[in-house]
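Student: Could you pick one part of this structure and take a close look at it with me? I'd like the whole story in one go, please.

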Amino acid sequence: MSEDEVHSAAGVILNEGMRLEALSFKLLELITLDKNDFRLEETRISEIIADCVETAHEAARKHNTEIVYSADEAWVWLEYDLFKTMLLNLIDNAVKSGGSKVDVSGRLISHSIYRIAVSDNGRGIPPEDIERITEAFYMVDKSRSRSEHGAGLGLALVSRIAKLHDTKIHYESESGKGTKVYFDMKAEALDEK
């Protein structure tokens with residue numbers, strides 16, 4: 001690696017280490033204490049989407065998967081570390097889907113609603129499994145999940161974090177064609193500030 005690449009990688013490692021440390025305490029509170037009063041802060045959503053895509057880039061490269069993204073500018077209210085964990089989990093699942101491309105998008109779909117979507121062209125989720133994927137410890141493909149050190153907790157956690165942000169995750173999938181996951185949040189366009 002070049003000196004610039006080493007510096008960039010070290011920065012990602014440091015940022016992720018600090019985020020994971022803070023996140024571990026928040027998750028402990030969220031899961032064990034069932035805490036729901038995290039402080040939401042107004043955030044430029046395009047920045048957190050770009051941050052998540054950059055963080056997931058190396059894992060995508062290892063899976064020979066291209067991540068493309070685009071995001072409209074808007075303000076949303078969120079808890080940064082938990083929100084980043086939620087979006088990274090969705091991107092990571094898409095990267096591991098066996099497809100060649102993951103599309104992450106953020107769109108202001110109305111004056112006050114922002115939709116974030118993560119789509120892949122991977123193996124998809126069988127219809128009989130789609131209703132159960134947010135259950136703790138449930139895994140669609142047990143062999144793949146175990147080989148990648150999965151425990152079936154990711155989407156259960158994603159659902160709890162989404163609820164904290166007053167949204168719900170929607171799943172659309174077709175076996176052999178891929179999966180689209182999306183959620184809507186209250187937003188305000190940047191030009192309204």
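Tutor: Sure, let's start at I67, which touches V53, A56, H57, A60, I91, V95, V102 and V104, leaving out residues up to four places away in sequence. Contact here means heavy atoms within 4.5 Å. Before we go on, this is a predicted model, in which local features need pLDDT of at least 70 and side-chain atom pairs count only at pLDDT 80 or more, while totals for chains, interfaces and linings use all residues. Residues are numbered from 1 along each chain as its sequence is written, and side-chain values use heavy atoms, with hydrogens and water left out.

One of those partners, I91, takes us to the part I'd like to look at: I91 lies in helix α3. Helices (H or I, at least four residues) and strands (E, at least two) are DSSP runs, numbered from the N terminus. I91 is buried, with a relative accessible area of 0%; buried means under 20%, exposed over 50%, and partly exposed in between (1.4 Å probe, protein chains only). Apart from its neighbours within four places in sequence, I91 is in contact with C52, V53, A56, I67, V104 and V118. H57 is 34 residues away from I91 along the chain, yet their C-alpha atoms are separated by 9.9 Å.

Now zoom out to α3 itself, residues 80-95. Its 16 residues should span 22 Å at 1.5 Å a residue, and the end C-alpha atoms are indeed 22 Å apart. (The expected span is 1.5 Å times one less than the number of residues.) Of those 16 residues, 13 are buried, so α3 is largely enclosed by the rest of the structure.

That fits nicely with the next bit. The largest nonpolar core has 38 residues, and those with the most contacts inside it are I45, I67, F83, I91 and I169. Such a core is a set of buried Ala, Val, Leu, Ile, Met, Phe, Trp, Tyr and Cys residues joined through side-chain atoms within 4.5 Å. Helix α3 gives the most to this core, with 9 residues.

F83 has another trick. A search of the whole structure finds 1 aromatic pair, and it is F83 with F183, edge-to-face, 5.9 Å centre to centre with 70° between the planes. Rings of Phe, Tyr and Trp (its six-membered ring) pair if their centres lie within 6.5 Å; planes under 30 degrees apart count as stacked, over 60 as edge-to-face and the rest as tilted. The two are 100 residues apart, with F83 in helix α3 and F183 in strand β7. F83 is buried at 0% relative accessible area, and F183 counts as buried at 1%.

So what does β7 pair with? Two strands pair if DSSP finds at least two bridges between them. Strand β5 (residues 113-120) runs antiparallel to β7, joined by 8 bridges, and I116 stands opposite F183 in β7. Strand β3 (residues 74-78) is also antiparallel to β7 (residues 178-189), with 3 bridges, and A74 stands opposite A189. Strand β6 (residues 170-174) pairs with β7 in the antiparallel sense over 5 bridges, with Y171 opposite V181.
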